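The exercises below are meant to be worked through with the sequence and the structure side by side. Try each task before reading the solution that follows.

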Amino acid sequence: MSVTIKDVAQKAGVSFATVSRVLRGERYVSAETQQAVHRAVKELGYHPNSLARNFKTKRSNIIGFVMPDISNPFFATIARGIEERARRNGYDLIIYDTHSDPDRELKGLQMLAERRVDGVILSPISDQLLKLEIPDVRILPVVLVDNLVEGAEVDSVIIDNVQATRRLVEHLLSLGHRKIAMITGPLNQTTGKDRLAGYLSALHDHGIPEVKGWIREGDFLMQSGYELAGELLDKADKPTAILAANNFMALGAMRAIRERGLHIPRDMALVAFDDMSEFTTLLDPPLTAMVQPAGRLGDAACDLLLRRLHAKRSMKPRQVIMEAELLIRGSCGANAYHD
């Protein structure tokens, strides 16, 4: 059986409340009583739980991460980056998966606030952060990662989505493609809007007209990639290349292409925003992707949160913008495309 604070009180010959005051470091406890309590703690091998340890600091030493999809390697890797930085600094991590549901996002934020975590890292899918009612008017530091909430003046860590998507399109253009379709993410999210903006900007700057029917709005989930790619492939005037705005939608698109007996990249080139870690290279052909430094995103988000938690004075919101890396593999048809 584990030793409890009541065991310490009995051993020291004092009350439960007195032991609590000693462990909290409060004054007005005699030196003799303090010695008795600390002696009992040592002899019994008592380890105060996290709440008792943090009465003095008013901190829980716990941070929360609210994410949309833990099954996606991108978010799982962000979580790992957060957890490693947090652990090195003496913090534990609670993860809440919203399943891409705005109502669950708000519920997760409220739950973490009620648990009195020290701060939250949020990968948002909506503006629910603006609706958060913090219990007891408590200030809850929040850092956004991957996506932004317009109107929320908080720290954030993101990718330059516009430039990264431009590079994907320009790579396809360099291979001779002129009929490039895009399956976007949700356009009510900054990642969705910015990736579409990068696609349109690249087409415009290279004199390629926008074809409305070649732009389809997905939801970052595999089924939408499958269904929307199917719609593109069934058009009489179908594209020669598809850009999927994330990894899961790219996998759905790959399935749709294969079901129609088409070959990647000979009949249809496919590129994606986001990678699938080592699994991407196991695909046939391996997927060309714009790879985000997910682990570094998590590490940087946690660093911003810790800096704010330990700041001596108020700071203006900071934004860290990172670059993604284009990994050219077999799915784009590099050196193999013929008009």
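Two strands are taken to pair if DSSP finds at least two bridges between them. The model used throughout is a predicted one.

**Exercise 1. The sheet**

Task: Work out in which order the strands of the open sheet lie, and which strands form its edges.

Solution: Begin with the pairing, which is parallel in this open sheet of six strands, and follow it across to read the order β2-β1-β3-β4-β5-β11. Next, look for strands that pair on one side only, and these edge strands turn out to be β2 (92-97) and β11 (319-322). From one strand to the next, the twist averages 15 degrees.

**Exercise 2. Strand β5 and its partners**

Task: Find how many bridges join β5 to β11 and how many join β4 to β5, and then decide whether the faces of β5 are covered or open.

Solution: Take the β11 side to start with, where strand β5, made of residues 155-159, runs parallel to β11 and is joined to that strand by four bridges. Along this side, I158 has I321 of β11 as its bridge partner, while I159 stands opposite M322 of β11. Then turn to β4, which also runs parallel to β5 and is joined to it by three bridges, with L144 having S156 of β5 as its bridge partner. For the faces, a residue counts as buried when its relative accessible area is under 20%. On one side D155, V157 and I159 are buried, and on the other S156 and I158 are buried, so that both faces of β5 are covered.

**Exercise 3. Helices on the sheet**

Task: Identify the strands touched by helix α5 and the strands that helix α11 lies across.

Solution: Helix α5, which spans residues 73-88, packs on the sheet and touches β1, β2, β3 (119-122) and β4 (142-145), and its direction makes about 170 degrees with that of β1. Helix α11, residues 294-309, lies across β1, β3, β4, β5 and β11, and runs at about 165 degrees to β5.

**Exercise 4. From I63 to the core**

Task: Decide whether I63 is buried or exposed, and find which residues of the largest nonpolar core touch the most other members.

Solution: Locate I63 in strand β1, which covers residues 62-67. Its relative accessible area is 0%, and therefore I63 is buried. Setting aside residues up to four places away in sequence, I63 touches, among others, I82, A86, V117, C302 and L305. Now consider the largest nonpolar core, in which I78, I121 and I242, out of 71 residues, touch the most other members. Helix α11 gives the most to this core, with nine residues. Beyond its neighbours within four places in sequence, I121 is in contact with residues including F65, I82, V143, A301 and L305. There is also a second, separate core of 15 residues, including Y96, V120, L140 and L144.

**Exercise 5. Two helices that cross**

Task: Determine the angle at which α1 and α3 pack and which residues make the contact.

Solution: Helix α1 (residues 5-12) packs against helix α3 (residues 31-44) at an angle of about 120 degrees, and their axes are 9 Å apart. That angle makes α1 oblique to α3, and the crossing in which α1 passes α3 is right-handed. On α1 the contact is made by D7, V8, K11 and A12, and on α3 by A36, V37, A40, V41, E43 and L44.

Terms used:
Residues are numbered from 1 along each chain as its sequence is written. This is a predicted model: local features need pLDDT of at least 70, side-chain atom pairs count only at pLDDT 80 or more; totals for chains, interfaces and linings use all residues. Side-chain values use heavy atoms; hydrogens and water are left out. Helices (H or I, at least four residues) and strands (E, at least two) are DSSP runs, numbered from the N terminus. Buried means under 20% relative accessible area, exposed over 50%, partly exposed in between (1.4 Å probe, protein chains only). Contact means heavy atoms within 4.5 Å. Axes are lines fitted to C-alpha atoms, for helices over the stretch in contact, and angles run from 0 to 180 degrees between N-to-C directions. A nonpolar core is a set of buried Ala, Val, Leu, Ile, Met, Phe, Trp, Tyr and Cys residues joined through side-chain atoms within 4.5 Å. Angles under 35 degrees count as roughly parallel, over 145 as roughly antiparallel, 65 to 115 as roughly perpendicular and the rest as oblique. A crossing is left-handed if the near helix is turned anticlockwise from the far one by less than a right angle, and right-handed if clockwise.
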